[in-house]
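Please look over the sequence and the structure shown here, and keep them at hand while reading the report that follows.

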Amino acid sequence: MNEANWEEIYQISKKWVNEAGDYIKETFNTSISVEYKSNPSDLVTDIDRHVEQLFIEKIHTAYPEHRIVGEEGFGDKVKDTSGIIWFVDPIDGTTNFVHQQSNFAISIGIYEEGIGKVAIILDVARGEMFHCLKGQGAFMNDIPLKNLSDVELHESVLAINATWLTENKRVDSRMLAPLVKELRGTRSLGSAAIEMAYIAAGRLDGYISLRLSPWDFAAGAILVEEVGGKCTTLDGRELNMLKQNTVFAGKSNVHQMIHSNFIKKGLENNYFLHSPS
Ligand code: IPD
Ligand code: CA
Ligand code: CA
Ligand code: CA
């Protein structure tokens, strides 16, 4: 395979995301079809599917040797991380899209041999695009994002869905409650991509989810690391781009303090209900 022209891929992918964002905005005053996938909390619309297909067409035409992993299943069956892979979430936060027509994003993370290279997260309704080409700094629209600075836990705001504090299949409900009590506050924005972009932008200090797929976190992980943050599984291991993961992202010092003060204890007390992933 020829060496990739990353600057070109970066510019063209931003253009495609902006075009897809414009298309989604045009649907705001039309009737959309909403279906359940696995259950009533798991929605998909015709717009999610159409936007994913738009990306797949464009990527396959411009870069036939690249592979695509998309949430709605129109991409390739990818079983290894070799070559260039686009992780496409056409609408991250479909519940918000359906209920609020805001607080949802298009999320694209592009990886080469498993290493994140390009990240784009477009908050469509706010017109905020968070983006980076690895090693060249991250931006919100044209504004450079600063390197993340340390913050005390009692001054930190962490994004977490309340599900993970109630009885669930991943961790004992005693696992995360003591952490939440220690913080300034928690938020749940309903879009993993926006929550991770907000860490990169310094608007949140951390984010924990116990079940995300690669298309949910692919772009967010690149952005967080580009500004000096850390993104791992809940127990501190490297994220696996081929399966669902727990995800723990944050400012480096917040990540480290939460790991040593709370996660380690959870491991010692067997609060992880099956071997952590
Ligand atoms: C969902 C959102 C949500 C997260 C879910 C994801 P989707 O993505 O990111 O915030 O809690 O786990 O599945 O289905 O709206 O693209
Ligand atoms: Ca979904
Ligand atoms: Ca998603
Ligand atoms: Ca989605």
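## The five-stranded sheet

In this predicted model, strand E10, covering residues 157-160, runs parallel to strand E11, and the two are joined by 3 bridges. One place to see this pairing is Leu158, which stands opposite Thr186 in E11. Both strands belong to an open sheet of 5 strands with mixed pairing, in which the order is E11-E10-E12-E14-E13. Strand E11 (185-187) and strand E13 (230-232) stand at the edges of this sheet, and because each has a single partner strand, one side of each is left without a neighbour. On average, and ignoring direction, neighbouring strands of the sheet are turned by 15° against each other.

Helix H5 packs on this sheet, where the helix touches E10, E12 and strand E14 (245-250), and the direction of H5 makes about 155° with that of E12.

## Asp205, between a helix and a strand

Asp205 is found in the loop that links helix H5 (192-200) to strand E12 (206-212). Is this residue buried or exposed? Asp205 has 28 other C-beta atoms within 10 Å, and because 20 or more are enough for a residue to count as buried, Asp205 is buried. Leaving aside residues up to four places away in sequence, Asp205 touches Val151, Ser156, Val157, Leu158, Ile199, Gly250, Lys251 and Val254. Arg67, by contrast, is 138 residues from Asp205 along the chain, and the C-alpha atoms of the two are separated by 33 Å.

## The seven-stranded sheet

A further open sheet has 7 strands in the order E3-E4-E5-E6-E7-E8-E9, again with mixed pairing. Here E3 and strand E9 (143-144) are at the edges, each with a single partner strand, so one side of each is left without a neighbour in the sheet. Within the sheet, E6 and E7 are antiparallel and pair over 6 bridges, and Leu122 stands opposite Met129 in E7.

Helix H5 also packs on this sheet, touching E4, E5, E6, E7 and E8, and the direction of H5 makes about 105° with that of E6. Helix H1, made of residues 6-26, lies across E5, E6 and E7 and runs at about 25° to E6.

## Two domains and their contact

The domain assignment divides the protein into domain 1 (6-144) and domain 2 (153-268), and the C-alpha centres of these domains lie 21 Å apart. Where the domains meet, 31 residues of domain 1 are in contact with 23 residues of domain 2. Several elements give two or more residues to the side of domain 1 that touches domain 2, among them strand E4 (84-92), helix H3 (94-100), strand E5 (105-112) and strand E6 (115-123). By class, the residues on this side of domain 1 divide into 14 nonpolar, 11 polar and 6 charged.

## The surroundings of ligand 1

Which residues come nearest to ligand 1? Of the 13 residues around the ligand, Asp92, Gly93, Thr94, Gly190 and Ala192 come nearest. The shell draws at least three residues from each of domain 1 and domain 2, and its members are 2 nonpolar, 6 polar and 5 charged residues.

Strands E4 and E12 each supply at least two residues of this shell, and the largest share, which is 3 residues, comes from E12. Strand E12 is also part of the five-stranded sheet described above, where E12 stands between E10 and E14 in the order of strands.

Notes: Residues are numbered from 1 along each chain as its sequence is written. Chains are lettered from A and ligands numbered from 1 in the order in which they are written. This is a predicted model: local features need pLDDT of at least 70, side-chain atom pairs count only at pLDDT 80 or more; totals for chains, interfaces and linings use all residues. Helices (H or I, at least four residues) and strands (E, at least two) are DSSP runs, numbered from the N terminus. A residue is buried if 20 or more other C-beta atoms lie within 10 Å of its own, exposed if 12 or fewer, and partly exposed in between; C-beta atoms are placed from the backbone. Two residues are in contact if their C-beta atoms, placed from the backbone, lie within 7 Å. Two strands pair if DSSP finds at least two bridges between them. Axes are lines fitted to C-alpha atoms, for helices over the stretch in contact, and angles run from 0 to 180 degrees between N-to-C directions. Domain bounds come from an automatic or database domain assignment. Ala, Val, Leu, Ile, Met, Phe, Trp, Tyr, Cys and Pro count as nonpolar, Asp, Glu, Lys and Arg as charged, and the others, Gly among them, as polar. A residue is near a molecule or strand if its C-beta atom, placed from the backbone, lies within 6 Å of it.
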